[in-house]
Amino acid sequence: MLPVKEIQELSDLHPKPSAIKFQYGTAGFRTLGKTLDSVLFRVGVLAALRSKKLDGKTIGVMVTASHNPEPDNGVKLVDPRGEMLESSWEEYATALANAPDSIAFLAVVDELVKATKIDLSMPARVVYARDTRPTGPQLVSALKDGLEAIKAEYRDAGVTTTPVLHYLVRTINTKGTKDSYGEDTEEGYLTKISDAFKKLLAGKPTPPPLLIDCANGVGALMAERFKAYLGDVFNINVVNADLHTSGALNNSCGADFVKVNQKLPPSITLQPGQRACSLDGDADRLMYYYADERGQFHMLDGDKITTLVASYIVELVKASGLDEQIKVGVIQTAYANGSSTKYLSGRLPVKCVPTGVKHLHHAAEQYDIGVYFEANGHGTVLFSPAAQELISSHKPSPALTNLKNIIDVINQTVGDALSDAFLVEAVLAHKSFSGVEWDSMYCDLPNRLVKVVVGDRNAFKTEDAERRLVSPPGLQGKVDELVRKYEGGRSFVRPSGTEDVVRVYAEAATRAEADGDAASSCLKITRLWCFSGLELAFRVAGLVYDEAGGDASQRPKEFL
Ligand code: 16G
Ligand code: MG
């Protein structure tokens, strides 16, 4: 039986703001933090129900709004193996959040219990954490009210990164089983990753200290903690670690700033040849970059990370003599730079899926080893249980030892910026690559991402992994017509899953590529191409704006 009275009484303390319609989107609920109180209470109840449905397995709840501005906050659920909430439950989450009052909320709970046949006598266990946002403590207190109302057992993991929370969920649920993933503590996480990293670096020249821009977010706490575990094997220089100044979080720094603006955060200066990276506000995205010998900035995004990591893993699998049994594949989204897709598809199976970690993660599970990174820096590598079994029982060799350590340095539950940075550093050390050599694996096509505010983003529907529009009718044909005018052009339009906007991506080349001007450096080609990629993005954005019934007087000037 549900403790209906307790739920109703406590729910009354967390009334839903009447004007707001909440939606469990790509990354859970996300909006202005101060409006989320009722959502957090209800998520507490939902997480407990999810746990009961899964026979008392521990469910994770992460309170964060990632790279969004500091006043935003959000919440998402984590399923027992550390993966995203099963998508069929997203609708229930949305329905629960939008019930106008406590009575209506209880009615939706009742429906959910019946529809999914939940055995209410099962225990409910939840572990939760939050990032450093000022609205976090208040929201966690609403979450606790929800958990207490339904009498769930809960564990507070405190202020930590999203990937640590995912790690905890998996380790708690596999503790003492053959699938054990490590100790279910932050210390267990730090030890597992740093030990594997140190083993990978053994015998290699010490890499130069790595500057890590922590976006003034929770990643700074974890990066600092790693220092003690890494000793003098690897030095970290933590910057943008201000957790106290109001408004500093993700402000002109962090992975999203670097990716969107394609430039260095103003707070950072790089010496020629220096390499550095940026995390986002909850430390699940990673963006690398370096300064060339002239001090010029070059970005190494998620596509570059995929290429580096996948190539190295393929080498190790081959050198271990396992290439017949273990197939490596890559998952990308439509945002992957065309050059990366071209480079990778010549060597490996490459699949394109819709934006959002859950899609990439799910597709990566279909390979023996699945490497996935979104261009925006969110990603990891998944090893199937069978592949892990083979690797652990195969005849020993230096390559096999490296492969085993690679498995342990990676956080397979979700993209983890810090663990990914150590993975990158390990691969660079093994390949004796500097940023320049890594960057020269292929040359990015110049590209631009533009957002367009429209009346109703739900009018935009896509197919083919978001690469083509099916609605509004006729718009895709017009986009195609524009794209045809640009050498090597590609563009797509998709509704955002996290903001009330439509996004337009475009990339384009020019004759320089068609003529196969091999002597051109990346930089020279980039300069030649830049204008066309930018222009195409703005022209498609203009098209979308017109099509979505925008007011002509509001039409932004740059939409040619
Ligand atoms: C969320 C997703 C990220 C995706 C982004 C796209 C997760 C954990 N995060 O941040 O993977 O790239 O949304 O945002 O799934 P958009 O739909 O607004 O373009
Ligand atoms: Mg994030």
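Which residues are the closest to ligand 1, and how many surround it? I began with this question, keeping in mind that the model is predicted. I counted 16 residues around ligand 1, and I noted E374, S496, G497, T498 and R503 as the closest. When I sorted this shell by residue character, it divided into three nonpolar, eight polar and five charged residues.

I then went through polar contacts of ligand 1, one at a time. For G497, I found a polar backbone atom 2.6 Å from an oxygen atom of the ligand, whereas for N376 the atom concerned is an N or O of the side chain, placed 2.9 Å from a ligand oxygen. I also looked at R285, where a polar side-chain atom lies 3.5 Å from an oxygen atom of ligand 1. For the cover of the ligand, I noted that ligand 1 taken alone exposes 450 Å², of which the protein buries 94%.

Next I turned to the magnesium ion, ligand 2. I listed its protein donors as S66 through OG and D280, D282 and D284 through OD, at 2.0 to 2.2 Å from the ion. Written along the chain, the spacing of these donor residues reads S-x213-D-x1-D-x1-D. I checked two of the aspartates for exposure, and both D280 and D284 turned out to be buried.

Why does C277 not form a disulfide with C214? I looked up the sulfur of C277 and found the closest cysteine sulfur, that of C214, at 7.9 Å, which is too far for a bond because a disulfide needs the two sulfur atoms within 2.5 Å. The count of disulfides in the model comes to zero. I added to the entry that C277 is buried, with a relative accessible area of 0%.

Is S419 buried or exposed? I recorded S419 as buried, since its relative accessible area is 0%, and buried means under 20%. This serine sits in helix α15, which covers residues 417–431, and its side chain reaches the backbone nitrogen of N411 at 3.2 Å.

My last entry concerns V113, which I located in helix α4, residues 102–115. With a relative accessible area of 10%, V113 is buried as well, because the value falls under the 20% limit. I also took the separation of V113 from L143, and noted that the two residues are 30 apart in sequence and 20 Å apart in space, taken from C-alpha to C-alpha.

Definitions and conventions. Residues are numbered from 1 along each chain as its sequence is written. Chains are lettered from A and ligands numbered from 1 in the order in which they are written. This is a predicted model: local features need pLDDT of at least 70, side-chain atom pairs count only at pLDDT 80 or more; totals for chains, interfaces and linings use all residues. Side-chain values use heavy atoms; hydrogens and water are left out. Donors are N, O and S atoms within 2.8 Å of the metal (3.2 Å for Na, K and Ca); water is not among the atoms, so sites may look incomplete. Buried means under 20% relative accessible area, exposed over 50%, partly exposed in between (1.4 Å probe, protein chains only). A residue is near a molecule or strand if one of its heavy atoms lies within 4 Å of it. A polar contact is a pair of N or O atoms within 3.5 Å; within protein, one must be able to donate a hydrogen and the other to accept it, and residues adjacent in sequence count only if both atoms are side-chain atoms. Accessible areas come from the Shrake-Rupley method with a 1.4 Å probe; for residues, only the protein chains shown count as cover. Ala, Val, Leu, Ile, Met, Phe, Trp, Tyr, Cys and Pro count as nonpolar, Asp, Glu, Lys and Arg as charged, and the others, Gly among them, as polar. Helices (H or I, at least four residues) and strands (E, at least two) are DSSP runs, numbered from the N terminus.
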